Amino acid sequence: MTRITPTADPKGFRNALGRFATGVTVVTCHGPDGPIGITANSFASVSLDPPLVLWSPAKSSSRHDIFVGAKSFAIHVMSDDQADICTGFVKNWSAFDGLDWSTNVDGTPLINGCLARFECTQEVCHDAGDHTIIIGRVTAAEIGSGNPLIFASGQYGRFTRG
């Protein structure tokens, strides 16, 4: 193993963090000019009672302030055949063209056909260095079928059962 000092070697620190495989989500909300989305792997459950989840957009993202200001949003857990959708939202605020999507009663864009979806209202935001932690109260959840899309070492991958 190689020892990393995060402040002296930020790239090495990022590479070390990349060794932890995560699922991949697309977070959506209604923005000032229509629906927007962003690909994020910083999703986690927080509490079952009350039902809370979190995600953390980077402050350097041009979409950061819109998501921090959103009163409602949806987190979509993507399946292993949806990497192209995730790549679209990495590069483009509004990669909804050609997608099967609708809106809920709050106007939040909902991507259909994902592995799971959590419709949320913003509970609280916390400053966290170069990110903001957004905690959402889950008001509805849906479960689809398939296998999760995985992200590790800067690449998408598939989960295989041993």
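**Two antiparallel sheets and a shared helix**

In this predicted model, strand S5 (residues 52-55) pairs with strand S10 (residues 131-143) in the antiparallel sense over four bridges. Here, strands (E, at least two residues) and helices (H or I, at least four) are DSSP runs numbered from the N terminus, and two strands count as paired if DSSP finds at least two bridges between them. Within this pairing, Leu 52 stands opposite Arg 137 of S10.

Both strands belong to an open sheet of seven strands, ordered S3-S2-S6-S9-S10-S5-S4 with antiparallel pairing. Strand S3 (34-40) and strand S4 (44-47) stand at its edges; each has a single partner strand, so one side of each is left without a neighbour in the sheet. From one strand to the next, the twist averages 35 degrees.

A further open sheet, of three strands, follows the order S1-S11-S12, again with antiparallel pairing. Its edge strands, S1 (22-23) and S12 (155-158), each pair on one side only. Strand S11 (residues 149-152) is joined to S12 by four bridges, and Phe 151 has Tyr 156 in S12 as its bridge partner. Helix H3 (residues 83-91) packs on this sheet and touches S11 and S12, its direction making about 160 degrees with that of S12. Contact means heavy atoms within 4.5 Å; axes are lines fitted to C-alpha atoms, for helices over the stretch in contact, and angles between N-to-C directions run from 0 to 180 degrees.

Helix H3 also lies across strand S2 (25-31) and S3, running at about 110 degrees to S3.

Residues are numbered from 1 along each chain as its sequence is written, and side-chain values use heavy atoms, leaving out hydrogens and water. Local features need pLDDT of at least 70 and side-chain atom pairs count only at pLDDT 80 or more, while totals for chains, interfaces and linings use all residues.
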